[in-house]
Amino acid sequence: MTTTGNEGRLFSAGPSPQDRFTPAVRAVLAEIDAGTERLSRASGLRCPPNCGACCLSPEVTASVLECLPLADHLLASGRAQDFLARFEADPTHRPCFLYEADPLDPERGRCGEYEHRPSLCRLFGFSARRRKDGSAELIACIRHKSAIPEAVQQAQVAASREEGVAFAGDSALALAGIDPALARPLLPINEAVAKAIERLALRHSLSSPRPGSASE
Ligand code: SF4
């Protein structure tokens with residue numbers, strides 16, 4: 001990110017710099033949660049305790065749009081600047097900077113921003129997609145398949161009935177309906193979060209009175 005000499009004001013903890021799209025994104029994420037919870041209840045599908053294997057994947061992607069609630073929270077809690085500093089310092093940008101790994105076993109850990117995580121982190125393993133023939137299939141997690149195969153089977157049955165199940169394609173369409181330009185492309189997660197922070201920080205600085213301006 002290009003520095004402006006005004007970073008203290010840009011990134012100081014304080015009132016949330018709400019982006020106009022953030023409430024709509026939160027509503028889509030809540031809808032996803034409702035669907036994945038229904039599938040979980042219908043099938044008994046649960047992640048193995050403390051499994052963080054999917055968070056280590058370099059394939060975790062998100063759009064800037066769906067990272068706005070997360071960026072909003074990082075800005076409001078005063079941690080956005082640290083995130084950007086790490087993003088600039090670590091050229092690999094991997095794995096997700098929000099993942100809090102067990103120091104003794106990196107595959108065990110937790111999401112440090114579970115409540116604000118983007119759509120893929122909510123959908124993977126607990127949602128459905130369409131096959132070419134139009135039927136629904138579970139987007140299954142390989143860890144679930146080996147640890148709890150019966151629950152995966154039940155989840156596949158529940159997904160094929162389509163009753164209140166979250167479809168990844170529907171969520172992508174709902175996000176694109178909020179703002180098609182920001183809903184694409186899908187970027188590596190850390191890049192998407194960094195860009196969302198920059199967007200909100202910029203909007204915040206543009207809407208705040210400048211020191212010494214007539215309005216202060
Ligand atoms: S946002 Fe949270 S759930 Fe998603 S990859 Fe990062 S640590 Fe994992």
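How many helices and strands does the protein chain have? In this predicted model, the secondary structure comes to ten helices and six strands.

Start with the whole protein chain. Of its 216 residues, 33% count as buried. Now look at contacts between residues at least 6 apart in sequence: 79% of these join residues at least 24 apart.

Next, select α3, residues 68-76. This helix is mostly covered, with seven of its nine residues buried. To see them, pick Leu68, Pro69, Leu70, Ala71, Asp72, Leu74 and Leu75. Then step just past the end of α3 to glycine 78, where phi is positive, at about 75°.

Keep α3 on screen and add α2, residues 22-43. Two packed helices are described by the angle between their axes and the distance between the axes. Here the axes come within 8 Å and cross at roughly 115°. Which residues meet at this crossing? On the α2 side, select Thr22, Val25, Arg26 and Leu29; on the α3 side, select Leu68, Pro69 and Asp72. By class, this contact has four nonpolar, one polar and two charged residues. Leu68, Pro69 and Asp72 also belong to the buried residues of α3.

Last, go to the ligand and show what surrounds it. The residues around the ligand are Cys55, Val60, Cys96, Leu98, Tyr99, Cys111, Glu113, Arg117, Cys121 and Ile189. Colour this shell by class: eight residues are nonpolar, two are charged and none is polar.

Terms used: Residues are numbered from 1 along each chain as its sequence is written. This is a predicted model: local features need pLDDT of at least 70, side-chain atom pairs count only at pLDDT 80 or more; totals for chains, interfaces and linings use all residues. A residue is near a molecule or strand if its C-beta atom, placed from the backbone, lies within 6 Å of it. Ala, Val, Leu, Ile, Met, Phe, Trp, Tyr, Cys and Pro count as nonpolar, Asp, Glu, Lys and Arg as charged, and the others, Gly among them, as polar. Axes are lines fitted to C-alpha atoms, for helices over the stretch in contact, and angles run from 0 to 180 degrees between N-to-C directions. Helices (H or I, at least four residues) and strands (E, at least two) are DSSP runs, numbered from the N terminus. Two residues are in contact if their C-beta atoms, placed from the backbone, lie within 7 Å. A residue is buried if 20 or more other C-beta atoms lie within 10 Å of its own, exposed if 12 or fewer, and partly exposed in between; C-beta atoms are placed from the backbone.
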